[in-house]
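Trainee: I would like a close look at a single part of this protein, followed by how that part fits with the rest. Please take it step by step.

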Amino acid sequence: MSGSEHKSAGFILTLAALIIIIAGLKTAQALLVPFLLAFFISVICAGPFFWLQQRKIPAPVALLLVISVVMLGGLVVVTLIGTSVNDFTNELPVYQDKLRIQTLTLFDWLDKLGIKISKQILLEHFNPGSIMQSAASMLATAGGVLTNSFMIMLTVVFILFEAAGMPNKLRAALPDADSSLASFEKFSTSVRQYLVIKTIVSLGTGLVVTIGLLLLGLDYAPLWGMIAFLLNYVPNIGSIIAAIPAILLAVVQLGPIHALLVAVLYLVTNVVMGNAVEPRMMGQKLGLSALVIFISLVFWGWVLGPVGMLLSVPLTMVVKIALEVNDSTRWMAILLSSDVPAKTAAEK
């Protein structure tokens, strides 16, 4: 076999293995999603957990304090989402009928102005009521994931306990443990920084949206604030998706003027938080190009569902750091990067 044939065979085998792995991830979605949530929650909790241990607080007590705070926050989220989703789902048919009537009224008004639009064709391709139905389905999916909260928290506990002794285990098990520890520390620091800052910015976004919608008098304002908080983790399109149901509900409940105010509220909040506050807090780029971030959003959303969209950036960062470790795959990590590393550019 010639060298070119050998390379082609290797590429085909690699591609086949990649397809099998992706198919396995998609098939095991129900099992992987709670574990991935637990893993990234543990990455966030690791900082406070080790900080408390450095203050001479015993590991069990430190873990109890960290887990208590996380469980309290999770309880608030589950209670708020569960109650609001049930109420909103019960009222959804009423809102959909009102929105459909207002849409038909808009078509009649445009027809009087001489703008001819086929109601049937447009409603087949764009039905505002179906958007609200999609929002309710997404909320129900999120609620289904949160029902596994006990298993998620239990997994977080075991991961944190295991993390404390992992460096010593790696040093005893691997001949070159220092490089592995350095890679893991790089990954842990990058992901923790991203998740912590993103959580703070998302929390601020959710609070501003909630307060603004309460002042405007929109129904289920805390629910829309919670959606803005969660979908702020989704890059590029998350803030747009979060705004659509609230704007449509404002059209039905409060009228077009208030709906415009709701749209302005979302626009100003996301522009300030996304373009001013978050870059200033982040301090450095994620190291991923904008195109890669968008593609990862689509890919992980397809493989793991809504949770995959929330975790698309951290998961892609994990893949990029893993590719950087091996010389044969470093070129792939460079393609995922937002810019060319200084050493590589200098070599050229």
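Is Ser 296 buried or exposed, and what is its relative accessibility?

Mentor: The model is a predicted one. In it, Ser 296 counts as buried because its relative accessibility is 5%, and the cut-off for buried is under 20%. Ser 296 sits in helix H11, which covers residues 290–304. Its side chain makes a polar contact of 3.4 Å with the side chain of Thr 316. Once residues up to four places away in sequence are set aside, Ser 296 touches Gly 301, Ser 312 and Thr 316. Ser 312 and Thr 316 both fall within helix H13, residues 312–325.

Helix H11 also carries an aromatic pair. The structure holds two such pairs. In one, Phe 229 and Tyr 233 are edge-to-face, with 5.8 Å from centre to centre and 85 degrees between the planes. Both partners are buried: Phe 229 has a relative accessible area of 15%, and Tyr 233 has 13%. The rings of Phe 299 and Trp 300 have centres 5.0 Å apart and planes at 75 degrees, so this pair is edge-to-face as well; the angle needed for that label is over 60 degrees. Here the burial is mixed, since Phe 299 is partly exposed at 27% relative accessible area, whereas Trp 300 is buried at 10%.

The next step outward is the nonpolar core. The largest one has 31 residues, and those with the most contacts inside it are Phe 40, Leu 160, Leu 304, Leu 311 and Leu 315. H11 and H13 each supply at least two residues of this core, as do helix H2 (29–54), helix H3 (59–112), helix H6 (149–173) and helix H7 (177–216). H2 gives the most, with ten residues. Leu 311 shows a link to the H2 segment: leaving aside neighbours within four places in sequence, Leu 311 is in contact with Leu 36, Leu 37 and Phe 40. A second, separate core has 27 residues, including Phe 88, Leu 99, Leu 213 and Leu 223.

Val 191, in helix H7, reaches some of the same segments. Val 191 counts as buried, because its relative accessibility is 0%. Beyond its neighbours within four places in sequence, Val 191 is in contact with Phe 40, Val 43, Pro 314 and Met 317. Val 191 and Ile 44 are 147 residues apart in sequence, yet their C-alpha atoms are 8.4 Å apart in space. For the protein chain as a whole, residues 24 or more positions apart account for 71% of the contacts with a separation of 6 or more.

A buried polar residue also appears in helix H10 (residues 256–282), where Asn 270 is found. Asn 270 has a relative accessible area of 17% and so is buried. Its side chain reaches the backbone oxygen of Tyr 266 at 2.7 Å. Setting aside neighbours within four places in sequence, Asn 270 is in contact with Thr 205, Asn 232, Ser 239 and Asn 275.

Ser 239 belongs to helix H9, which runs over residues 238–253. At 1.5 Å a residue, the 16 residues of H9 should span 22 Å, and the end C-alpha atoms are 24 Å apart, which agrees. Its buried residues are Gly 238, Ala 242, Ala 243, Pro 245, Ala 246, Leu 248, Leu 249, Ala 250 and Val 252. Just after H9, Gly 255 takes a positive phi of about 105 degrees.

Positive phi values also occur in residues other than glycine. Lys 56 has a phi near 70 degrees and is found in the loop between H2 and H3. Lys 56 is exposed, because its relative accessible area is 75%. Tyr 220 has a phi near 55 degrees and lies in the loop between H7 and helix H8 (221–231).

The chain totals complete the setting for Ser 296. The secondary structure comes to 15 helices and zero strands. Of the 348 residues in the protein chain, 35% are buried, Ser 296 being one of the buried residues. The accessible surface of the protein chain comes to about 19900 Å², and 72% of that surface belongs to carbon and sulfur atoms.

Methods
Residues numbered from 1 in each chain as written. Predicted model: local features only at pLDDT ≥ 70, side-chain atom pairs only at ≥ 80, totals over all residues. Heavy atoms only, no water. Helix = DSSP H or I, 4+ residues; strand = E, 2+ residues; numbered from the N terminus. Buried < 20%, exposed > 50% of the residue type's maximum accessible area, 1.4 Å probe, protein only. Polar contact = N/O pair within 3.5 Å; in protein donor to acceptor, adjacent residues only side chain to side chain. Contact = heavy atoms within 4.5 Å. Expected span 1.5 Å × (residues − 1). Core = buried A, V, L, I, M, F, W, Y, C linked by side-chain atoms within 4.5 Å. Areas by Shrake-Rupley, 256 points an atom, 1.4 Å probe, with all protein chains shown as cover. Phe/Tyr/Trp six-rings, centres within 6.5 Å; stacked < 30°, edge-to-face > 60°.
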